[in-house]
Amino acid sequence: MLEKIKKIVFQKYAKTDCKWVFISAFSDNWQVAASAWALYADKSLEDALDTIYRWVIEKNSVVSHIVVDIVLEYKEIMDMSEIQSLSVKEYWVAIVEGNKSWAILPDTKGVSDFAQWIKLVSEKNWLSWNAKILVFKTDRMVIF
């Protein structure tokens, strides 16, 4: 399975690229089985894929489908008014505080407003205002 993931990803990206990467694993009926990401990649894309695969996919016996998202462009939101104009159908949003992080995918059912989602995550998880809010787009590859 890992070799198939690498084969498809490395058709578009170099093994040595330092990219943010998300891997999502799904069961036969496309229920989320596991997901993980490497933000602020300081490793090669190959190392990031190997690590995430070992941590998440390899240990999960119900995985039937894999989706890999490679981050193309990102920016940190410094003013909440910036997020109001972003399309919830096009962008990911991540909140990162220390070693904790939360992400929401584009076009997530029930999410019509990023600011509302950020407020809910912040309140539920007692986040400080030191948390970083990142927005980005990805190149999505459905592996199988």
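**Exercise 1. List the residues that Asp 69 touches, leaving out those up to four places away in sequence, and decide whether Asp 69 is buried or exposed.**

Solution. Setting aside residues up to four places away in sequence, Asp 69 touches Trp 20, Val 21, Phe 22, Trp 92, Thr 138, Asp 139 and Arg 140. These contacts are read from a predicted model, in which Asp 69 has its place in strand S3. The next step is accessibility: the relative accessible area of Asp 69 is 0%, and because buried means under 20%, Asp 69 counts as buried. Finally, one of the residues touched, Thr 138, is also a polar partner, since the side chains of Asp 69 and Thr 138 are joined by a polar contact of 2.8 Å.

**Exercise 2. Classify the aromatic pair formed by Trp 20 and Phe 136, and work out which parts of the chain the pair ties together.**

Solution. A pair of aromatic rings is described by the distance of the centres and the angle of the planes. For Trp 20 and Phe 136 the centres lie 6.0 Å apart and the planes make an angle of 85°; because planes over 60 degrees apart count as edge-to-face, the pair of Trp 20 and Phe 136 is edge-to-face. To place the two rings, note that Trp 20 lies in the loop between H1 and strand S1 (21-26), whereas Phe 136 lies in strand S6, so the pair ties together parts that are 116 residues apart in sequence. Both partners are buried, Trp 20 with a relative accessible area of 6% and Phe 136 with one of 1%.

A second pair makes a useful contrast: Phe 26 and Trp 30 are tilted, with 5.2 Å from centre to centre and 45° between the planes. Here Phe 26 is buried at 14% relative accessibility, while Trp 30, at 41%, is partly exposed. In the whole structure, a search finds seven aromatic pairs, and ring pairs link Trp 20, Phe 22, Trp 37, Tyr 74, Trp 92 and Phe 136 into a cluster.

**Exercise 3. Determine how the buried residues of helix H1 are arranged about its axis, and name elements that cover them.**

Solution. Begin with the buried residues of H1 (residues 2-9), which are Leu 2, Ile 5, Lys 6 and Val 9. Seen down the helix axis, these buried residues fall within an arc of 95°, so they line one face of H1. On the other side of H1, the residues Glu 3 and Lys 7 are exposed. The covering of the buried residues includes helix H2 (45-57), strand S3 (65-77) and strand S6 (132-142).

**Exercise 4. Carry out the analysis for helix H4, and state what confidence the prediction gives to this element.**

Solution. In H4, the buried residues are Phe 114, Ala 115, Trp 117, Ile 118, Val 121 and Ser 122. Down the axis of H4 they fall within an arc of 160°, so they too line one face of the helix. Lys 119, Leu 120 and Lys 124 are exposed on the face turned away from the buried side of H4. Among the elements covering the buried residues of H4 are helix H3 (81-84), strand S4 (92-97), strand S5 (100-104) and S6. After H4 comes Trp 126, whose phi is positive, near 55°.

As for confidence, H4 (residues 114-124) has the lowest mean pLDDT among the elements of the protein, 77, whereas H1 has the highest, 94. The protein as a whole averages a pLDDT of 85, and 97% of the residues score at least 70.

Methods
Residues numbered from 1 in each chain as written. Predicted model: local features only at pLDDT ≥ 70, side-chain atom pairs only at ≥ 80, totals over all residues. Heavy atoms only, no water. Buried < 20%, exposed > 50% of the residue type's maximum accessible area, 1.4 Å probe, protein only. Helix = DSSP H or I, 4+ residues; strand = E, 2+ residues; numbered from the N terminus. Arc of directions from axis to C-beta. Contact = heavy atoms within 4.5 Å. Phe/Tyr/Trp six-rings, centres within 6.5 Å; stacked < 30°, edge-to-face > 60°. Polar contact = N/O pair within 3.5 Å; in protein donor to acceptor, adjacent residues only side chain to side chain. pLDDT = per-residue confidence, 0-100.
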